[in-house]
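Biologist: Could you take a close look at the enclosed spaces inside this protein and walk me through what lines them?

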Amino acid sequence: MTTATAPNVTATAACRDADLLDERKKQVHRAGQGPIDMACNRESLAGAVSQRACVFCGSRVVLYPIADALHLVHGPIGCAAYTWDIRGALSSGPELHRLSFSTDLQEKDVIFGGEKKLAAALDELIDLHKPKAAFVYSTCIVGLIGDDLGAVCRKMSEKKGIPVIPVQSEGFKGNKREGYLAACKAMFRLVGTAPTDDVSPLSVNILGDFNLAGEIWIVRGYLARMGIQVVANITGDGRVDDIRRCHGAALNLVQCSGSTMDLARMMKEKYGTPHLRVSYLGIEDMADSLYAVAEHFESVDPGIVERTRDLVREELAALMPRLRDIRRDLSGKRAAIYVGGSFKAFSLIKAFRHIGMNVVLVGSQTGTQEEYRELETVCDPGTVIIDDANPLELSHYVRELDVDVFVGGVKERPIAHKLGVGFCDHNHERKIALAGFEGMYNFAREVHASVMSPVWRFVPRRSQRAAVPTGADA
């Protein structure tokens with residue numbers, strides 16, 4: 001009676017990795033098996049059906065949560081329909097962002113140009129909705145026919161007396177990351193256009209949080225308990241006037257680094273505003289982020305560090321007893337992670353460890369080489385790290401690694417369900433807050449409900465697992 005040895009497992013894995021398309025092999029790595037040299041941050045392989053979105057979609061998801069701005073898509077109706085209410089971004093006030101407007105370009109507009117149609121749409125919509133600003137998104141067809149968005153926006157801005165900002169987000173220009181940059185350039189045109197008289201020396205901007213299920217309110221609550229003023233939410237529950245004066249804040253906190261780091265760099269270069277990369281997901285990263293903020297302001301307010309320690313102690317005293325039963329049930333279970341930006345993956349790996357689970361597959365759409373190298377250091381040996389995956393590859397590794405729960409977004413949900421695997425939505429459509437200490441409990445509870453559901457006893461994959469002898473029975 002024998003059990004499988006590590007070399008056999010490694011050989012099998014290598015054999016299966018050989019089934020990948022040749023052009024994709026350098027975008028997959030197994031932790032601990034040689035130096036990591038990921039070929040990432042490049043154009044998706046044609047025909048591989050990438051999980052990525054286009055440039056336009058990237059810009060739209062970043063700017064969309066600015067709740068008192070008008071968002072007009074200059075292009076065919078399909079572009080506006082695809083991104084309508086694309087994030088579960090909540091607002092504490094206006095909800096103009098939840099309306100989707102389009103110039104609905106037709107064949108005639110493609111031939112003769114759509115500038116007049118765009119001007120007419122802006123004229124009508126600004127009068128009707130009285131926005132604080134308007135963002136006009138360029139799409140693929142607009143880039144092809146050559147409409148001058150900048151000229152139309154300048155004229156309408158002069159006529160209406162509000163910022164009308166073109167977003168150069170033609171879909172064919174690159175990938176989703178290029179859309180993030182286009183969004184940051186558009187927002188930066190607002191920065192520095194309002195006074196900062198009422199901004200405290202202990203003040204921050206929150207960048208890269210989109211207030212999914214109210215998460216930014218949780219983080220703002222922690223910062224308020226520390227004695228810190230939040231000048232601008234960028235962009236969850238965002239307001240145009242706050243962004244205009246955000247250059248007065250003493251520090252930028254950047255969570256989703258892929259989407260808003262470009263804006264933080266622009267503000268650093270022009271206004272000297274320092275920034276910290278933070279994460280509000282999981283126990284360790286939430287606590288570390290608060291401590292980092294406290295240390296930054298310690299010279300201004302020496303008591304802030306002690307207030308932060310008290311806050312973290314109170315939150316952990318309430319949270320840890322609630323996680324014990326969940327951890328007992330989930331110990332040894334396996335998880336797969338596929339997210340938009342790789343920085344989220346770091347926090348998720350740590351969060352899974354707190355509930356006793358092992359991450360065996362992790363990947364992202366827009367990770368960089370540096371991020372993947374850092375990611376390998378927190379992964380267990382043998383963990384598959386994948387960049388810009390497609391559905392076939394994700395399905396392959398979920399089966400091979402016998403995953404119990406898959407954490408991803410709307411495009412990954414069908415993969416998990418078809419394979420008989422539990423799913424946890426960690427993308428922009430979710431309705432449950434996962435940030436902060438209370439978000440950690442929500443995350444653990446959702447994973448527990450998904451993994452432990454009795455429905456998985458009736459799927460073929462579970463039946464096969466139950467039939468495979470292990471250990472001394474082999």
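Modeller: In this predicted model, the structure holds four cavities of 30 Å³ or more, and the two that I describe here are the largest and the second largest. The largest cavity encloses about 180 Å³ of space, and 14 residues line it, of which Gly208, Leu212, Gln255, Lys344 and Arg430 are the closest to its centre. Sorted by class, the lining of the largest cavity consists of five charged, five polar and four nonpolar residues. As for its place in the fold, the largest cavity lies between domain 1 (9–30 + 323–462) and domain 3 (203–315), because both of these domains give residues to its lining.

Turning to the second largest cavity, the space there comes to about 100 Å³, and its lining is made up of 14 residues, with Cys256, Ser257, Gly341, Phe343 and Lys344 the closest to the centre. Two elements, helix H11 (257–271) and helix H14 (342–354), each give two or more residues to this lining, and H14 gives the most, with three residues. By class, the second largest cavity is lined by seven polar, four nonpolar and three charged residues, while domain 1 (9–30 + 323–462) and domain 3 (203–315) each supply at least three residues to that lining. Lys344 is thus a residue to look at in both places, since it is listed among those closest to the centre of the largest cavity and also among those closest to the centre of the second largest cavity.

Notes
Residues numbered from 1 in each chain as written. Predicted model: local features only at pLDDT ≥ 70, side-chain atom pairs only at ≥ 80, totals over all residues. Heavy atoms only, no water. 1 Å grid on protein atoms, 1.4 Å probe; cavity = no way out; pocket = protein on both sides within 12 Å on 5 of 7 lines; lining within 4 Å. Points joined across faces, edges and corners; volume = space filled by probe spheres on them. Nonpolar A, V, L, I, M, F, W, Y, C, P; charged D, E, K, R; others polar. Domains from an automatic or database assignment. Helix = DSSP H or I, 4+ residues; strand = E, 2+ residues; numbered from the N terminus.
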